[in-house]
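Trainee: Could you take one part of this model and look at it closely, following its contacts outward into the rest of the fold? I would rather have one connected account than a list of separate remarks.

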Amino acid sequence: MPGKRERDLLAPVTELGDCIHKIEYPYTRSTGPYLGPFLTGLRDGKLLANRVGGRTFCPPIEYDPTSGVDAPAEFVEVGPGATVLGFTWVADPSVKHPFSHPFAFALLQIDGTDVPMVHAVDAGT
């Protein structure tokens with residue numbers, strides 16, 4: 001067909017097929033100078049945090065989230081109590097969840113911290 005462009009000869013698409021994507025982040029890290037002391041504290045029954053930019057973070061963080069500057073590897077004990085700021089119930093966990101039975105993800109404000117953390121809460125069976 002003289003004068004016709006290629007795009008004019010293509011049939012229009014009336015249906016879109018299903019696309020299934022699997023996105024994962026299979027990242028493993030060493031404990032290092034921040035999470036190492038935190039995990040050791042958990043083993044010993046203590047919660048450790050660090051102060052960065054005037055705020056206290058538990059678990060400890062390596063960088064100031066505002067400036068990107070390295071955070072000090074100086075730790076303070078916090079807790080043991082916490083306030084539940086919010087939660088979501090997982091009634092039917094998948095194989096990727098931390099528990100095979102119903103549980104909750106909770107947003108917790110650990111006593112002595114300024115920034116809440118997310119934690120999986122096992123409410124039993």
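Mentor: Accessible areas here are those given by the Shrake-Rupley method with a 1.4 Å probe, and for a single residue only the protein chains shown count as cover. On that basis the protein, which is a predicted model, exposes about 9600 Å², with carbon and sulfur atoms supplying 57% of it. Of its 125 residues, 22% count as buried. The secondary structure comes to 2 helices and 6 strands, arranged along the sequence in the pattern α-α-β-β-β-β-β-β. Among contacts between residues at least 6 apart in sequence, 37% join residues at least 24 apart.

The part I would choose is helix α2, together with the strands that cover it. With 12 residues, 32-43, and a rise of 1.5 Å a residue, α2 should span 16 Å, and because its end C-alpha atoms are in fact 16 Å apart, the expected and the computed values agree. The buried residues of this helix are Tyr34, Gly36, Phe38 and Gly41, and what covers them includes β1 (47-52) and β3 (75-78).

Of these buried residues, Tyr34 deserves a longer look. Its relative accessibility is 10%, and since buried means under 20%, Tyr34 counts as buried. A search of the whole structure finds 3 aromatic pairs. In one of them Tyr34 meets Phe75 edge-to-face, with 6.4 Å from centre to centre and 80° between the planes. This pair links distant parts of the chain, Tyr34 being in helix α2 and Phe75 in strand β3, 41 residues apart. Phe75 itself is partly exposed, with a relative accessible area of 28%, whereas Tyr34 is buried. Elsewhere in the chain, Phe99, Phe103 and Phe105 form one aromatic cluster.

Tyr34 also leads to a loop residue. Ala71 is found in the loop between β2 and β3, and at 5% relative accessibility Ala71 counts as buried. Leaving aside its neighbours within four places in sequence, Ala71 is in contact with Tyr34, Asn50, Val52, Ile61, Glu62, Tyr63 and Asp64. Ala71 and Pro60, which are 11 residues apart in sequence, have C-alpha atoms 9.0 Å apart in space.

What, then, lies beyond the C-terminal end of the helix? α2 is followed by Gly45, whose phi is positive, near 80°. In the same stretch of sequence Arg43 forms a salt bridge with Asp44, the closest N and O atoms being 3.1 Å apart. Arg43 is exposed, with a relative accessible area of 65%, while Asp44 is partly exposed at 47%.

Turning to the strands, β1 is mostly covered, in that 5 of its 6 residues are buried. Arg51 of this strand is partly exposed, with a relative accessible area of 43%. On one hand, β1 pairs with β3 in the antiparallel sense over 4 bridges, and within that pairing Ala49 stands opposite Val76 in β3. On the other hand, β1 pairs with strand β2 (residues 55-57), again in the antiparallel sense, over 3 bridges, and here the partner of Val52 is Arg55 in β2. The hairpin of β1 and β2 has 2 residues between the strands, and Gly53 takes a positive phi there, near 60°.

Finally, β1 takes part in a polar link to a later part of the chain. The whole structure has 2 salt bridges; besides the one between Arg43 and Asp44, there is one between Asp114 and Arg51, whose closest N and O atoms are 3.8 Å apart. This pair links distant parts of the chain, Asp114 being in the loop between β5 (103-110) and β6 (117-121) and Arg51 in strand β1, 63 residues apart. Asp114, with a relative accessible area of 43%, is partly exposed.

Taken together, the region can be read from the helix outward: the buried residues of α2 have β1 and β3 as part of their cover, β1 pairs with β3 as well as with β2, and through Tyr34 the helix reaches both Phe75 and Ala71.

Technical notes. Residues numbered from 1 in each chain as written. Predicted model: local features only at pLDDT ≥ 70, side-chain atom pairs only at ≥ 80, totals over all residues. Heavy atoms only, no water. Expected span 1.5 Å × (residues − 1). Buried < 20%, exposed > 50% of the residue type's maximum accessible area, 1.4 Å probe, protein only. Contact = heavy atoms within 4.5 Å. Salt bridge = Lys/Arg side-chain N within 4 Å of Asp/Glu carboxyl O. Pairing = 2+ DSSP bridges. Phe/Tyr/Trp six-rings, centres within 6.5 Å; stacked < 30°, edge-to-face > 60°.
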